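Colleague: Hi, have you got a minute to go through this model with me? I'd like to start with the core and then move on to the holes.

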Amino acid sequence: MSFVHLHLHTHYSFLQGLGNPEAFVMRAKELGMPALAITDTDNLHWAFEFYLLCKKKWIKPIIWVEVFICEQGQKYDARDAKVYSLILLAKNFNGYKNLIQLTTKAYLDGNVGSKAQIDFPLLEKYAKDMIALSGDLASELAQHVVSGRDNAFLLERIAYYQRVFWKENYFLEIGEHPDRGSQGAYNQKLVELSKLSGAPLVGTNDVHYARADDAEAQDFLSCIGSGRRVDDPDRRTLIDGNYSLRPAEEMRELFAYAPEACENTLKIADMIDIEIPHGKPLLPVYKLNEKEEARKILYTELYPNDFELLT
């Protein structure tokens with residue numbers, strides 16, 4: 001049985017993930033995986049190259065992004081706000097264009113404080129043709145669970161995302177990371193909420209490097225990113241867990257208590273069909289009915305103050 005990784009950071013998640021996207025594609029090919037998603041933080045820098053490489057290697061490309069949503073609004077300083085992570089996957093070319101809009105607006109309009117961010121109205125505007133994973137321990141749902149919110153509130157927030165993305169396109173993300181203290185209890189809560197809400201589970205590994213023996217190098221990288229020393233006991237680290245692109249057998253063993261979480265990674269891959277047009281000019285076409293009108297448009301754009309002299 002196979003498995004598809006749907007939460008993965010390359011070195012385009014700056015100073016977080018280790019390794020270029022090609023290394024992850026080649027690792028997925030080596031493991032016989034039918035599809036792969038790379039969910040870099042806030043950006044789609046390698047999306048088109050990733051798409052072409054996956055096509056070349058006969059792996060289905062899943063176009064990705066991990067966004068941050070500011071509850072108080074896009075213009076609010078993230079350092080003083082409630083900010084939640086969310087994984088978004090494009091179902092088709094239109095969903096890919098919506099991801100481009102979200103990431104662009106996150107940087108142009110929401111790049112305040114420490115994060116490029118969106119807000120809920122913007123998410124609702126561009127949610128069409130996308131699949132959403134609830135996210136890891138930085139997600140809205142996880143933060144509400146950890147803070148002790150009751151089931152009624154949690155189910156209300158799940159229902160919100162099901163309305164935004166449609167029920168079949170929203171999944172509750174579980175991960176097996178014992179080094180994260182609250183992960184086990186959070187997973188148990190998500191299994192319960194899945195039964196109550198009907199929102200399906202999906203398993204991920206929050207991949208930050210291609211192979212297990214890359215863990216130490218990624219840890220050094222994270223020290224650079226956080227400005228902390230390796231021997232600092234209070235720094236955040238992934239060194240005590242396995243955040244590699246793990247084989248399908250290992251992932252299915254991890255989620256033996258919820259096998260549907262693995263099956264749903266394959267289901268999500270089947271739901272995605274992206275074809276990005278390329279190889280031909282994509283310049284806009286201007287339809288001009290009369291020669292004089294074309295001449296006027298050209299000259300008014302080039303010489304707006306001198307058009308009368310040129311007619």
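Modeller: Happy to! A nonpolar core here means a set of buried Ala, Val, Leu, Ile, Met, Phe, Trp, Tyr and Cys residues joined through side-chain atoms within 4.5 Å. Keep in mind that this is a predicted model.

Colleague: Good. How many residues does the largest nonpolar core have, and which have the most contacts inside it?

Modeller: The largest one holds 81 residues. Those with the most contacts inside it are L36, I63, L88, L89 and F165.

Colleague: And what does L89 touch?

Modeller: Leaving out residues up to four places away in sequence, L89 contacts L6, A37, T39, I62, I63, W64, D129, M130, I131, L133, I268 and I272.

Colleague: I268 is on that list. Which residues of α10 are buried?

Modeller: They are A261, C262, N264, T265, L266, I268 and A269. The helix itself covers residues 260-271 and reaches 16 Å from its first C-alpha to its last, close to the 16 Å expected at 1.5 Å a residue.

Colleague: Changing topic: what is the volume of the largest pocket?

Modeller: About 990 Å³. It is lined by 30 residues, and Q16, R180, H208, R236 and L238 lie nearest its centre.

Colleague: What is the make-up of that lining by class?

Modeller: It has 12 charged, 10 polar and eight nonpolar residues.

Colleague: Which element gives the most to it?

Modeller: That would be α8, with five residues. The strands β3 (64-70) and β4 (83-90) each supply at least two as well.

Colleague: Then tell me about α8. How far apart are its end C-alpha atoms?

Modeller: They are 16 Å apart, which agrees with the 16 Å that the 12 residues of α8 (residues 215-226) should span at 1.5 Å a residue.

Colleague: Which of its residues are buried?

Modeller: In α8 the buried ones are A215, Q218, D219, L221, S222 and C223.

Colleague: What follows the helix?

Modeller: G227 comes after α8, and its phi is positive, near 70°.

Colleague: Which residues have a positive phi without being glycine?

Modeller: Two to look at are L15, with a phi of about 60°, and D206, with a phi of about 45°. L15 sits in the segment before α1 (21-30), while D206 is in the loop between β9 (201-204) and α8.

Colleague: Is each of them buried, exposed or partly exposed, and where do you draw the line?

Modeller: Buried means under 20% relative accessible area and exposed means over 50%, with partly exposed in between. L15 has 40%, so L15 is partly exposed. D206 has 4%, so D206 is buried.

Colleague: Nice. Last topic, the closed spaces: how many cavities of 30 Å³ or more are there?

Modeller: A search of the whole structure finds three. The largest of the cavities has a volume of about 70 Å³. Of the 13 residues lining that largest cavity, the closest to its centre are D136, E173, I174, G175 and Q183.

Colleague: Which elements give two or more residues to that lining?

Modeller: Those are β8 (170-175) and α7 (183-197). The largest share, three residues, comes from β8.

Colleague: And what classes of residue line the largest cavity?

Modeller: Its lining has six polar, four charged and three nonpolar residues.

Colleague: Great, thanks for the tour!

Note on methods. Residues are numbered from 1 along each chain as its sequence is written. This is a predicted model: local features need pLDDT of at least 70, side-chain atom pairs count only at pLDDT 80 or more; totals for chains, interfaces and linings use all residues. Side-chain values use heavy atoms; hydrogens and water are left out. Buried means under 20% relative accessible area, exposed over 50%, partly exposed in between (1.4 Å probe, protein chains only). Contact means heavy atoms within 4.5 Å. On a 1 Å grid over the protein atoms alone, a cavity is a set of points where a 1.4 Å probe fits but cannot get out, and a pocket is an open set with protein on both sides within 12 Å along at least five of seven lines; lining residues have an atom within 4 Å of a point. Grid points are joined across faces, edges and corners, and a volume is the space filled by probe spheres set on the points. Helices (H or I, at least four residues) and strands (E, at least two) are DSSP runs, numbered from the N terminus. Ala, Val, Leu, Ile, Met, Phe, Trp, Tyr, Cys and Pro count as nonpolar, Asp, Glu, Lys and Arg as charged, and the others, Gly among them, as polar. The expected span of a helix is 1.5 Å times one less than its number of residues.
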